[in-house]
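Reader: Hi! I'm new to reading protein models, and I'd love a close look at a single part of this one. Could you walk me through it slowly?

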Amino acid sequence: MPRGVALAEALAGKTVAVALGGGGARGLAHISVLQALDDMGVRPVALAGTSIGAIIGAAYAAGFSGADLRAHTEAVLRNRFRLARRLFHARARGRKRLFKGVGHPLLIDGERFLDAFWPMGVPERFEDLAIPLTVVATDFRRRCEVVFSNGLLRPAVAGSMSVPGVVRATKGEHGYLVDGGLVNPLPYAHLAGKADIIIAVNVSGNSGAESETRAPTAFQTMIVATQILMNSLSARMLEDDPPDVLVVPAVHQYLALDVFKASRIFDAGDSCRDLLREGLLRAAARRETQRLD
């Protein structure tokens, strides 16, 4: 029996939801995983995302396929001059800063970034998405997780991707929002009860560049410290209550801003196809056993 047929039969009558974790450029592997699900004929009934996972999850939830998002990303990154111009126009403007003394001219405005880099057609509100989406951000003032699933889409996603030192904190309805990865880098818990099988894609990584011998710069230290925190939180969550299917693309050697290594990151996501299919088959078998019991 063809493998695709076997998977379709195993998943018959069962629903699937997908959580896309944070990890900067490593998260481009999410696109490969979504493309694999498309190729398998698996249509998620719900999505959850943090940081880069929220950016990609929102575009996918809007109706763009994994192949669409891959082609769009490759086109954006192909022309470095055009990319630099987009980043210039997405920079934060004005002299007001949330943190006095650390504002700088290259700080990115999250909503302008999304307008520049999302494909045309992503709606303004959660309610207009084709697939229900949950976005996780961090409330800076209250130091806690904030979860969005309705209302304006861009402020929520911009807040979720507001990596300290790279993207300016986003003004939300109740305060300032920063990177959701600081509190919940792999938000599969928010999909509980929304589908029979929950897939989590973890791109937080488990180590850095082992061959690097130079002392890190202050900027590198800040970015990598955030990655270390996200990896630690993800590991604890997965140990306490793992999802039905865990996908871990081999992207640990890439840093959060390694966008020009996109082709290799896509390849890492592509390499997870067989493991994803096997994980879905095992999860479907467990659900069927539970149903019969």
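Author: Happy to! Let's begin with a term we need: two strands pair if DSSP finds at least two bridges between them. Please keep in mind that this is a predicted model.

With that term in hand, look at strand β3, residues 133-139, and strand β4, residues 144-148. They pair in the antiparallel sense, over five bridges. One residue to find is Asp-139, whose bridge partner in β4 is Cys-144. Four residues sit between the strands of this hairpin. Arg-143 belongs to the loop between β3 and β4, and its phi is positive, about 55°, although Arg-143 is not a glycine. Why does that deserve a second glance? It does because most residues other than glycine have a negative phi. Is Arg-143 buried or exposed? Arg-143 counts as exposed because its relative accessibility is 61%, and the cut-off for exposed is over 50%.

Now move to another loop, the one between β2 (46-50) and α3, where you will find Ser-51. Ser-51 also has a positive phi, near 55°, and is a residue other than glycine. As for its surroundings, Ser-51 has a relative accessible area of 6%, so it is buried; the cut-off for buried is under 20%.

From that loop we can step into helix α3, which covers residues 52-61. How many of the ten residues of α3 are buried? The count is ten of ten, so the helix is mostly covered. Among them are Ile-52, Gly-53, Ile-55, Ile-56 and Tyr-60. Just after α3 comes Gly-63, with a positive phi of about 120°.

Let's pause at one residue of this helix, Ala-58. Its relative accessible area is 0%, so Ala-58 is buried. Which residues does Ala-58 touch, leaving out those up to four places away in sequence? They are Trp-118, Leu-129, Leu-133, Leu-153 and Val-157. Here the two parts of our tour meet: Leu-133 is touched by Ala-58, and residue 133 falls within β3, the strand of residues 133-139. For a sense of scale, take Ile-223, which is 165 residues from Ala-58 along the chain. The C-alpha atoms of these two residues are separated by 24 Å.

To retrace the path in the viewer, start at the pair Asp-139 and Cys-144, go on to Arg-143 in its loop, then turn to Ser-51 and finish at Ala-58 in α3.

Key: Residues numbered from 1 in each chain as written. Predicted model: local features only at pLDDT ≥ 70, side-chain atom pairs only at ≥ 80, totals over all residues. Heavy atoms only, no water. Helix = DSSP H or I, 4+ residues; strand = E, 2+ residues; numbered from the N terminus. Buried < 20%, exposed > 50% of the residue type's maximum accessible area, 1.4 Å probe, protein only. Contact = heavy atoms within 4.5 Å.
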